[in-house]
Amino acid sequence: MKTLWVGLKNIMGFPEGQNNAIQLASNRHTVLEDFQSLVMSQAYEEKNIQHPTIQALTRQKPARVYEDSHIVTVISQQAYDKAHDIHEVLEQTMPEQYVNDPAVEYSELNAKASLQETVLKTSGEDGFHKLISIITDLLGGFSENGASYVEGILSTNNPESVSSS
């Protein structure tokens, strides 16, 4: 209902609520990507293939047969189901201005280089690992759904070229 109300107010000529929601979503998305990039780059540089985020990209089971309806019924549904948890973890682990202040443009803060240290200062080791855990969960879904999509494309172009991996 809150989202509908924001949209209705925008249609009636009061765009501030929608603009704020867009700014917060952008900041949260960017800060999550920045943290993920730093953590995964460090794991890669250290050749830590056992890191949870790296392991999440290693499929443990064959990809399901892709269907066009999966965009809504699987991929979007998974994102929707995880959105609240992601929002909570970001609020617990990141500074308030990064994820809850629509007046701030996170990407202009030049905070990426020190983001891992900032998370540790803001939420400690537990928060740091909670953030890695939520990213690992997201990457697992990406790995599974991405493989299904790619194998669907490959099987369409050359049905005999897709192995049963």
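**Exercise 1.** In this predicted model, determine which residues of α4 are met by Arg28, Val31 and Leu32 in α2, and how the two helices are oriented.

*Solution.* Step 1: the contacts. Arg28, Val31 and Leu32 of α2 meet Ile86, His87 and Leu90 of α4.
Step 2: the quantities required. Two packed helices are described by the angle between their axes and the distance between the axes.
Step 3: the values. For α2 and α4 (residues 70–93), the angle is about 75 degrees and the axes are 11 Å apart.
Step 4: the classification. Angles of 65 to 115 degrees count as roughly perpendicular, and α2 and α4 are therefore roughly perpendicular to each other.

**Exercise 2.** State how many salt bridges the structure holds, and describe the burial of Lys82 and Asp137.

*Solution.* Step 1: the count. The structure holds one salt bridge.
Step 2: the partners. Lys82 pairs with Asp137, and their closest N and O atoms are 3.4 Å apart. The pair connects distant parts of the chain, since Lys82 belongs to helix α4 and Asp137 to helix α6 (residues 115–157), 55 residues apart.
Step 3: the accessibility. Buried means under 20% relative accessible area; Lys82, at 18%, is therefore buried. Asp137, at 40%, is partly exposed.

**Exercise 3.** Locate Met12 in the chain, classify its accessibility, and name the nonpolar surface patch residues.

*Solution.* Step 1: the location. Met12 is in the loop between α1 (2–11) and α2 (16–45).
Step 2: the accessibility. Met12 counts as partly exposed because its relative accessibility is 48%.
Step 3: the patch. Trp5, Leu8, Ile11, Met12 and Phe14 make a nonpolar surface patch of about 590 Å².

Methods:
Residues are numbered from 1 along each chain as its sequence is written. This is a predicted model: local features need pLDDT of at least 70, side-chain atom pairs count only at pLDDT 80 or more; totals for chains, interfaces and linings use all residues. Side-chain values use heavy atoms; hydrogens and water are left out. Patches are made of residues with over 30% relative accessible area and no salt bridge: like charges are joined within 9 Å, nonpolar side chains (Val, Leu, Ile, Met, Phe, Trp, Tyr) within 5 Å. Accessible areas come from the Shrake-Rupley method with a 1.4 Å probe; for residues, only the protein chains shown count as cover. A salt bridge is a side-chain nitrogen of Lys or Arg within 4 Å of a carboxyl oxygen of Asp or Glu. Helices (H or I, at least four residues) and strands (E, at least two) are DSSP runs, numbered from the N terminus. Buried means under 20% relative accessible area, exposed over 50%, partly exposed in between (1.4 Å probe, protein chains only). Axes are lines fitted to C-alpha atoms, for helices over the stretch in contact, and angles run from 0 to 180 degrees between N-to-C directions. Angles under 35 degrees count as roughly parallel, over 145 as roughly antiparallel, 65 to 115 as roughly perpendicular and the rest as oblique. Contact means heavy atoms within 4.5 Å.
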